[in-house]
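Reader: Could you walk me through the ligand surroundings in this structure, and tell me how you know what you say about them?
Author: Happy to; have a look at the structure, and then we can go through the reasoning together.

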Amino acid sequence: MVPESNSSVIPQADHLTVFFASQTGNAESISRNIHEQAQERGFKSGHYVLNDHAKVDWEKEECLVFVVSTTGDGDPPDNSTKFWRHLRKLKGTGLTKAKYAILGLGDTNYDNFCQTAKRLDTKLQELGASPFYPRGLADDATGLEETVDPWIKNLWPALAHQVISAPTIHDLPQPHLTAEETKIVKEIIEHEHQKTALSPTLKSSAATNAIVKGSNAQPPSAPPVGSLTRSMDALSVTPPTAPPAPATGNTIRIDFSSMANHSNLTALPRVPNANLKITQLETTSTAGSSRRIVPSFIQSPTPLFSAKINSVQCLTPDDALKRTLLVEFGFDDDVEYAPGDSFGIWAPNDESLVRGVLATLGVKDEDLNKLVKLEGEGIPSHLQTVHSASLLDIFRYAVDLTTSTKKANIRLFADHATDLAEKQKLMFMSSKQGTELFNDLRAQSPTLLDILHTFSSVKIPVVRVIETLPPLQPRYYSITSSPMAKNGHHRWSCAFNVVQFELPVGVKRRGVCTPWLDDLSGKVSYGKPVTTGLSNIRVPMFIKPNETKFNLPVDTTKPVIMIGPGTGVAPFMGFLEHRAEQRKIKKRLVNIGSGSRQHLDDLFGEMWLFFGCRHRDRDWLFRQQMEEYQSDGVLTQLHLAVSREEDVPNSGKYVQDLIRRESKKVWDLLHEKGALIYVCGDAKGMARSVHDELVAVLVEHGGYEKMAAIMELNKWAQDKRYLRDLWA
Ligand SMILES: Cc1cc2nc3c(=O)[nH]c(=O)nc-3n(C[C@H](O)[C@H](O)[C@H](O)COP(=O)(O)OP(=O)(O)OC[C@H]3O[C@@H](n4cnc5c(N)ncnc54)[C@H](O)[C@@H]3O)c2cc1C
Ligand SMILES: NC(=O)c1ccc[n+]([C@@H]2O[C@H](COP(=O)([O-])OP(=O)(O)OC[C@H]3O[C@@H](n4cnc5c(N)ncnc54)[C@H](OP(=O)(O)O)[C@@H]3O)[C@@H](O)[C@H]2O)c1
Ligand SMILES: Cc1cc2nc3c(=O)[nH]c(=O)nc-3n(C[C@H](O)[C@H](O)[C@H](O)COP(=O)(O)O)c2cc1C
């Protein structure tokens, strides 16, 4: 639909191509929004993932818009790696015709903020293209919307100025409210002026319909037809048990008193188009079909397989701050991997949350397992493969029910609120004036159910919810074992903290994957590995080779410095097991006797580990293995930081303190023996402090100026000599 007041200045159907590269879905949905708005404004717009770059003739393109995120340690998303390989090969200035604009998504908790967008910008200019609009860099740490919304708002004038010769920027329409939005905002203002109470529920159904039927309102999903079969049993990862009771949701606490101070709402986000259609399938039976562990619509970057759980061990006693599990998975086929790789687990959303959401959306129990098909032009890529799945499975595996909501979604919920006071509140939070309250809402990390519970008059069709939610992501875990160890190609292990915490408002929250694995494996107690009672469990997973080469060097004589506090030590346990196996083989091959360890040590580079825990007796993960590796000569030096114990001999609070203490020896290892540095774990505090400490090492012992030291470390990062696997 073209907004009314725009019609007089619609550009003359010029062509626009919108590309995206996205790891977790943000860039995809933002770019789709741009594409849809472009179409509404009269542009012929194409929308492509960057890996599909060949579908467009770049040399002929005049107007390109890119929305790209950054992942890993300044790396491009997986769905653009093919494009980057292609781009690296391009030479010359073949893109002189092209004008472009780039919107980068990133997070300032990571050092290489929006690196993909910056690299793309540089490369496009090298190839002769020129930007027609300043680059936008949006920060997840403060909220993408802060940058994304104004960037999109000002894109249109810039684009029109660029593409259409006639109007100047000032002649062009600024993004504005649709007639529907204007009407609602007017109602809000009038309502304020009348100083009526804030929560009158509209009683008349005619009035309710008038408000609810917005431009995007849709009839509820198709009524059940035919005899549809259950798919749940075939897809369960554990034997079917009685389903849990649906969750009811928590009330989000927000003080709306400041709302009365605003009589004018601006910058209301655009509600995404309703493109998705849901069709109930006739009598499609999965009964008797082969046992799948996840629905077939799941798209996995590498082949998905089902792993057994061989053993589960709780590494931390009850008085530890975090509960850490070590899980060993087993599989029948040979799986190729290297230490430093990780694997992705497809965990479902919490079952009671799924059932709570579906019940709140009005889906009846008898319809939960009926099969439906999702279709529609331009629907998000994660929904394009849902050809036959139950609503239960769609809500279990396709959509994210727990990640922070966006203003556009709040705006959508406002459209569907049947109570005027709730509609006002939602509308207000989605506006510029309501940003503070929106942030209060986000601070409580509400699930979709909490929002629907708190704003209970929201009657939104299930199809709109599916289309608007971000995709559920797999969770990745670094492999703590080596393929060279006994049976190593048929098993691997990982270590993780079970994510469960309480918000300041007293609400308990759980992560998606780690509590699921904990529940599935029976919440084992602290102590020895448990191997019984696990035989029926299957976990869907896939291997994720480490694109950034966070693997041991091929040259085994190179020393390695490994820095990983907490579960950040996970990949290094794999490195150490691998090196232990390499040493065993070498020992056999060159027939080194038991007395010649020195000779063996000379054949392998030194391995140093900087590890950090809070209390040695509570969360010194892998203590026994570390000590054994040290006494066997595999681990040359172990530096232990202990953050919550006083006066620990030879220790410091954090790993960076120990790097400082050992700075001369660290420099010697780097300078004289060309050591590689590996950092793993928390991107927010640890990785940055470690980076600063490494800069200090180069300044103090290498004679570098501070800027030169930073540049040198950057070079080492490019040369894969300084490698980081980080998570914020
Ligand atoms: C390549 C790679 C390898 C990884 N390897 C490992 C590994 O070996 N071990 C490991 O443990 N993790 C690892 N991770 C992280 C892991 O993938 C998951 O992110 C993590 O286990 C949480 O998943 P979850 O589904 O349980 O929680 P989620 O559902 O993802 O919830 C986590 C979110 O909860 C919120 N949260 C958590 N704690 C709090 C709190 N106290 N207060 C407020 N909010 C909070 C945060 O927003 C956090 O992002 C790795 C990540 C990557 C990208
Ligand atoms: N490949 C990967 O990307 C990968 C692999 C494994 C783990 N991870 C992720 O990495 C993170 C590891 O954290 P964790 O929860 O296991 O660790 P943790 O238990 O929270 O902390 C481990 C130690 O680090 C200390 N610490 C806190 N702030 C620090 C800082 N700024 N600098 C240095 N040390 C600091 C803690 O001290 P105090 O609490 O006493 O301050 C504690 O002693 C998790 O988010 C995990 O998901 C990622
Ligand atoms: C594992 C991981 C690594 C990340 N690495 C970076 C990074 O190096 N630099 C950066 O600016 N942002 C980084 N981010 C933040 C993302 O770019 C940001 O969350 C963005 O909104 C994701 O967009 P997408 O959903 O389109 O992938 C990282 C996020 C994750 C989860």
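**Around the two ligands**

Author: This is a predicted model. In it, 26 residues surround ligand 2, and the closest are G566, T567, S643, G685 and D725. The elements giving two or more residues to that shell are β19 (607-613), α20 (655-661), β21 (676-682), α22 (686-702) and β22 (722-727).

Reader: What makes a residue count as surrounding ligand 2?
Author: The cut-off is 6 Å from the C-beta atom, placed from the backbone, to the molecule. G566 is among the closest of the 26 residues, so G566 belongs to the shell by that cut-off.

Reader: How do the residues around ligand 2 divide by character?
Author: Nine are nonpolar, twelve polar and five charged.

Reader: Which residues come nearest to ligand 1?
Author: Of 20 residues around ligand 1, those are F496, F501, G511, C513 and T514. Two or more residues come from each of β13 (475-478), β14 (491-497), α15 (513-520) and β22. The shell around ligand 1 holds eleven nonpolar, seven polar and two charged residues.

Reader: Why are F496 and G511 put in separate classes?
Author: Phe counts as nonpolar and Gly as polar, so F496 goes with the nonpolar residues and G511 with the polar ones.

Reader: Which domains give at least three residues each to the shell around ligand 1?
Author: Domain 3 (305-347 + 474-544) and domain 4 (560-727). Each of these domains also gives at least three residues to the shell around ligand 2.

How values were computed
Residues are numbered from 1 along each chain as its sequence is written. Chains are lettered from A and ligands numbered from 1 in the order in which they are written. This is a predicted model: local features need pLDDT of at least 70, side-chain atom pairs count only at pLDDT 80 or more; totals for chains, interfaces and linings use all residues. Helices (H or I, at least four residues) and strands (E, at least two) are DSSP runs, numbered from the N terminus. Domain bounds come from an automatic or database domain assignment.
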